[in-house]
Every structure is written in C-alpha cells, then in structure tokens.
Amino acid sequence: MTQSAKLRWGVLGAAGIARGSVIPGLLRSQLNEVKALASRDRDKARRTADEFGIEAAYGSYEELLSDDSIEAVYIPLPNHLHREWTIRALEAGKHVLCEKPLALTAAEAEEMALAAQKAGRQLAEAFMYRHHPRYAMIREVIASGEIGDLRSLHGAFTFNSSGSSGNVRFVKEWGGGGLYDVGCYPISVARMLIGAEPEAVTARALFSPEHGGVDMMASGLLEFPGGLGVTFDCGMWGAFRNKLEVLGTDGILEVPSAFMAGLEGETGFYVTTGSGRRYVDVPQVDHFSLEADDFARTVLHGEPQRFPPQDAVAGMRVLEACLRSAEQRVRIELPSCGAGSAEAAAAGTLESKGVE
C-alpha cells in the first residue's frame, strides 16, 4: 500500500454521526481525504458519496475493505458491530478509527487492541472531545493549583429521544442504552482529568420496557483513589444537558458545553475562586477535524497516539462495570490496576458487593 501525503479514508456505513459530523470533519482537516464510502444499500452509498464529493461508493463493507487504495477506515456502525468490522478492517491492512464505545465489553476491546497490534495497524476510539484544545487548557488550570486540590467531578450528558421509533439505541442486544451512548463521556473525561482508574463503581438506571429494556437514564458514582468521588448522570429520556463541573478546595471549574463544541456556540469554560469568576475563551474549532489529524499524524508521521487502544480497554472496563452495577443493583469493586492496564481490563474479574 503506497502512502500518500494525506491519509486516504473509507467510511463503513452512512450513519447520522458520519454524515453530520465525522465526514465533514475529515473533509475540513489538513491531513486526510475521504475516498470511499460503503453501505449495504448501494444506492444509499452512492447518494451519500455524491453529497460529499466522495469518489467511490460500494454496496458492501467487504468491497471497501478490498480496495487497496484505502489506508484507514472510520466505523460508525451500531455498537454490536464494532468488534467484528474493526477486526476485519485491521486484518485487511487498514488503520481504524471506531466510534465510541469501542466495544460492548473490555474483553472485546482487548481482542480488538491485540488484533491491531498483530496487524501492525493503528486503532483509536472516536472520542472527539478529547482533541479539542480546551481540554489541554483545563488540565493546565487544574495542574496550576488555581482551584486547589481536586475534591470531586460531576458530568452530565442527557437528551430526550424517548419518542423516536426504530432507534438502534433501543435494542439491548445491539449495545443500546444511555450508558453506552452518552454515559461513556463523563466516565472518559473523569479518567482523563484525574489520570487514574476508579476502584469501584455504583450505578442506578431506569430500564424502560417501552424502549427494549435499555437504560434510558442512569446515574452513578465512581470511586477513585484518595477518596475522590466522581458523579455522573446520563441518558436519553431527559432534557438536554452537556456539562462538566470540577470542584477543588479553592475553586470550581465549569464547562457548560463539555462534550459537544463545534464551530458555533460556546467552547470556553469558567473558573471561580476567591478572586472572582473568569471566563476562559477558547477558539471555535472542529474537534472532529482535530481528532482525524491527530490520527493521521500517528499513521503518516509516526507520532505516538494520544489515546492508545489500551485506554479504550480500561474505559470499557469501567463502563461495563457501571452497566452491571445498574442491572444487579450492586456496588462493583474493580481489580486494582494502573491507568490503562490491559491485563486487568481484559480479565473482567469484577467483584460484586451489595449496597447497604
């Protein structure tokens, strides 16, 4: 496979996230170009490809993977298909950017990470928000000591899609539910900002018979080392919220639009201390483009991945435990391991204890 100055992409599927955000982000990026799109409906593939000026349209995912000109694929398929098509793409010699959550379990994520290692290809989980420059700025504020020692974090990501029909997020067997869809964001940001893995989790959820029995709303507590607690709530049956609060001994950091910040709307954050409240302005940029360029720099120029696959394995370990806690109404103690420990993540040895 000849490598070009830009990374040549194919897209497996014409999902809304691909059409609305990721393909436009790839097209606006500096180091990427979209050369092919595949759908199981060839006509749909052609219409979507024409919409974005993409050259090749395929009527099956297999056809795209057999195209030797494609170097990387983006996978926006339903959650239960992530493992299969990620591994098939890696075995076909493609680098893979896969939508979050990377898999349905930590064991699946570990299998995918090992497949990438075996194939000598890059694999990344598509959490676009982490590539926005404001999170580097947020980490700088925390590290500076301006808000003091961390005492707690709270993240919220909710929206109301309860009235929609035919929603893949309402199919339990396909990895539906609020925790998989949006709960993964506050869990991810807590692990990133704290730089450690939780020791235990407790979650409660509204499992709705009207929506395939999936968790339509959930809330949880993540217990990090040193007595640091992270709370979150998420789901698909509440008013829209998308925010993060970081509490320190001397101040509070608030991110009003924590996980969705595009070319329009608020991208900055607030810092409140004894000296007053200040707004930290952040440039409006396309974090999907930045995610793609970070991925391309790893593939094309050998730069280290900012968030390697083992981070996704560790994140899946926490997410899986939260879902299990909600289903069984128990507190889950996680195996002791360092941040991103693949061995513990893959082992899946979660210990359950009843909540008093």
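**Group meeting talk: a walk through a predicted protein chain**

Let's start with one pair: the side chains of Asn32 and Asp293 are joined by a polar contact of 3.0 Å. A polar contact here is a pair of N or O atoms within 3.5 Å; within protein, one must be able to donate a hydrogen and the other to accept it, and residues adjacent in sequence count only if both atoms are side-chain atoms.

Before we go on, a word on what you're looking at. This is a predicted model, where local features need pLDDT of at least 70 and side-chain atom pairs count only at pLDDT 80 or more, while totals for chains, interfaces and linings use all residues. Residues are numbered from 1 along each chain as its sequence is written, and side-chain values use heavy atoms, with hydrogens and water left out.

Okay, back to Asn32. Where does Asn32 sit? In strand β2, which covers residues 32–38. Helices (H or I, at least four residues) and strands (E, at least two) are DSSP runs, by the way, numbered from the N terminus. Asn32 has a second polar contact to show you, also of 3.0 Å, between its side chain and that of Ser29. And is Asn32 buried or exposed? Asn32 counts as buried because its relative accessible area is 3%. The cut-offs are: buried under 20% relative accessible area, exposed over 50%, partly exposed in between, with a 1.4 Å probe and protein chains only. Leaving out residues up to four places away in sequence, Asn32 touches Lys6, Leu7, Trp9, Leu26, Ala292, Asp293 and Ala296. Touching, or contact, means heavy atoms within 4.5 Å.

Now let's zoom out. The protein chain has 10 helices and 16 strands. Its C-alpha trace spans about 55 × 45 × 40 Å along the principal axes. For 356 residues, a compact globule would have a radius of gyration near 21 Å, and this chain has 20 Å, so the two agree. That radius is taken over C-alpha atoms, and the globule rule is 2.2 Å times the number of residues to the power 0.38. Of the 356 residues, 55% are buried. Take the contacts between residues at least 6 apart in sequence: 67% of them join residues at least 24 apart.

On to a helix. Helix α4 runs over residues 82–91, and its buried residues are His82, Trp85, Thr86, Ile87, Ala89 and Leu90. Here's a handy rule: an α-helix has 3.6 residues a turn, so residues three or four places apart point the same way. What covers the buried residues of α4? The cover includes strands β1 (7–12), β4 (72–75), β5 (95–99) and β6 (123–126), along with helices α3 (61–65) and α5 (106–119). After α4 comes Gly93, with a positive phi near 90°.

Two backbone oddities for your notebook. The peptide bond from Lys100 to Pro101 is cis, with omega near -15°, and Pro101 lies in the loop between β5 and α5. Then there's Arg329, which isn't a glycine but still has a positive phi of about 55°. Arg329 lies in the loop between α9 (309–328) and β15 (330–333), and Arg329 counts as exposed because its relative accessibility is 56%.

Next, Phe170, in the loop between β7 (150–160) and α7 (178–194). Phe170 is buried, with a relative accessible area of 11%. How far apart in space are Phe170 and Gly212? They're 42 residues apart in sequence, and 5.3 Å apart C-alpha to C-alpha. Setting aside neighbours within four places, Phe170 is in contact with Ser161, Ser162, Ser164, His211, Gly212, Val214, Met216 and Met236.

Then look at Trp237, in strand β11 (residues 237–248). Trp237 is partly exposed, at 32% relative accessible area. Its contacts, again without neighbours within four places, include Phe159, Ser162, His211 and Met216. The C-alpha atoms of Trp237 and Gly163 are separated by 8.9 Å, with the two positions 74 residues apart in the count along the chain.

Last stop, Gly59, in the loop between β3 (56–58) and α3. Gly59 counts as buried because its relative accessibility is 17%. Gly59 touches Ser39, Arg40 and Arg42, not counting residues up to four places away. Gly59 and Phe224 are 165 residues apart in sequence, and 47 Å apart in space, C-alpha to C-alpha.

That's my tour, thanks for listening!
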